[in-house]
Amino acid sequence: MGGARTENWLSLSLPNMYEFTFPMGIDVIDKYKYFGAMNINHVLGRPDVMERMAKLGQNIVDALQADTEEERTRYRGDDRGVCPVCHENILTVGYGGNKVECPVCGIASDLV
């Protein structure tokens, strides 16, 4: 996901994409947000980003070749996020302030 100049422009991009992948049982094993693709230079001119994309591709291959379900679905990305399932940083705090839920994947818990 990339191209926006700041992170707030991407805050709902991946969660919106998950609306299509989660119902199909597609697991999130890695993600990367690339900022400012159009105002710096082309991504091909950024060796650091190209190396990260190679790692992302290898993470996909490793997941596809995994021997166990646990290893196949293990998250391999650098940014773990707040949610342990989808690894996004969006949380909904319920009425009363002690119930919290991830609006992307639905995992819920109590704040203690």
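**Exercise 1. Find the salt bridge between Glu71 and Arg76, and classify both residues by exposure.**

Step 1. Apply the criterion: a side-chain nitrogen of Lys or Arg within 4 Å of a carboxyl oxygen of Asp or Glu. Glu71 and Arg76 meet it, with N to O at 3.0 Å.

Step 2. Classify by relative accessible area: buried is under 20%, exposed is over 50%, partly exposed is in between (1.4 Å probe, protein chains only). Arg76 is buried at 8%. Glu71 is partly exposed at 31%.

Step 3. Check Glu71 for another partner. Its side chain also meets that of Arg74 in a salt bridge, 3.1 Å from N to O. Arg74 is partly exposed, at 39%.

The model is predicted: local features need pLDDT of at least 70, side-chain atom pairs count only at pLDDT 80 or more, and totals for chains, interfaces and linings use all residues. Residues are numbered from 1 along each chain as its sequence is written, and side-chain values use heavy atoms, leaving out hydrogens and water.

**Exercise 2. Locate the partners in the salt bridge of Arg52 with Asp78, and place the pair in its network.**

Step 1. Take the distance. The closest N and O atoms of Arg52 and Asp78 are 3.0 Å apart.

Step 2. Assign the elements, which are DSSP runs numbered from the N terminus (helices: H or I, at least four residues; strands: E, at least two). Arg52 lies in helix α2 (residues 47–64), and Asp78 in the loop between α3 (69–73) and β1 (92–93), so the pair ties together parts 26 residues apart in sequence.

Step 3. Compare the two ends. Arg52 is buried, at 8%. Asp78 is exposed, at 52%.

Step 4. Extend the pair. Asp30, Arg52, Lys55 and Asp78 are linked in a network of salt bridges. The count by this rule is 9 salt bridges.

**Exercise 3. Test the length of α2, then sort its residues by side.**

Step 1. Compute the expected span: 1.5 Å times one less than the number of residues. For the 18 residues of α2 this should be 26 Å; the end C-alpha atoms are 26 Å apart, which agrees.

Step 2. List the buried residues of α2: Val49, Arg52, Leu56, Asn59 and Ala63. They cover an arc of only 70 degrees around the axis, which puts them on the same side of α2. The arc is that of the directions from the helix axis to the C-beta atoms.

Step 3. Explain the spacing. An α-helix has 3.6 residues a turn, so residues three or four places apart point the same way.

Step 4. Turn to the other side of α2. Pro47, Glu51, Ala54 and Leu64 are exposed there.
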